[in-house]
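Here are my notes for you to read next to the model. Have a look at the sequence and structure first, then go through the points below.

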Amino acid sequence: MKNHSLKHFVQLVIASFLIVSCSSSDDTQGENLTFEIGQEYQGGIIFYLDNTAEHGLIAYQSDLADAPWGCFNQPDPVPPTAPIAQNDGIGFGLQNTLAIMEYCNELDIAARLAYDLSGNDYDDWYLPSIDELALIYEHRDLIGGFPDLNGPSEVFVYASSSEGWGTNDGNGGFLYLNYQVYDFSATPVFPDDRKLYTGKDNPATVRPIRSF
């Protein structure tokens, strides 16, 4: 009986050790999870990592439809004299997108197409800022899903959530009628700068992103 009890005790100790070891191994894997640009993760491809390398931005791997920015000559609820989403930097795409959707009542606009996307098991996509679009262009070969950008001299521009500048309306006020797009063409319209400005009623291709 004593031998049997001792044997049973040893088996329990071994089983407990294996469980703890497995648990520790799983925890270690989670803690040591690393990310890199070009990695497939959470519905798309990572194209930006912050200073911690634990958070970043993910690009959807295909384009949506072409769509305008919206709010062009919209008298209500916000007139075209009011700036809406003028953030250009990395990390501002979501904030811009939410601002556009709050103030623009049109349905088929670029921000709404991106925000309404439910793709690859995620539904928190949004329209990138112009600087986020610049990073997408930089890593376009890793992200994929773009048209033949090395083909004939055809203009491919992608919509950003970043608004343009205000132009003088002649009465002491300003009209915010343009927004920023990014030129993905093989031969850019302006060789020194791929950031372009166009009217808010002009459509551009939508490529959603999300953050993690």
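**Notes on the model**

1. Starting with H2: its buried residues are Gly93, Asn96, Thr97, Ala99, Ile100 and Met101 (buried means under 20% relative accessible area with a 1.4 Å probe, protein chains only; helices are DSSP runs of H or I of at least four residues, strands E runs of at least two, numbered from the N terminus). These buried residues pack against H3, helix H4 (130-138) and strand S5 (157-163), with contact meaning heavy atoms within 4.5 Å.

2. Keep in mind that this is a predicted model, where local features need pLDDT of at least 70, side-chain atom pairs count only at pLDDT 80 or more, and totals for chains, interfaces and linings use all residues. Residues are numbered from 1 along each chain as its sequence is written, and side-chain values use heavy atoms, leaving out hydrogens and water.

3. There is 1 disulfide in the structure (a pair of cysteine sulfur atoms within 2.5 Å). It joins cysteine 71 to cysteine 104, with S to S at 1.6 Å. Cysteine 71 sits in the loop between strand S4 (66-67) and helix H2 (93-103), and cysteine 104 in the loop between H2 and helix H3 (110-115), so the pair ties together parts 33 residues apart in sequence. Both cysteine 71 and cysteine 104 are buried, and their link is left-handed, at -120 degrees about the S-S bond.

4. Then look at arginine 194, in the loop between strand S8 (178-183) and strand S9 (195-199). Its side chain makes a polar contact with that of tyrosine 137 (3.0 Å); a polar contact is a pair of N or O atoms within 3.5 Å, where within protein one must be able to donate a hydrogen and the other to accept it, and residues adjacent in sequence count only if both atoms are side-chain atoms.

Notes:
Buried means under 20% relative accessible area, exposed over 50%, partly exposed in between (1.4 Å probe, protein chains only).
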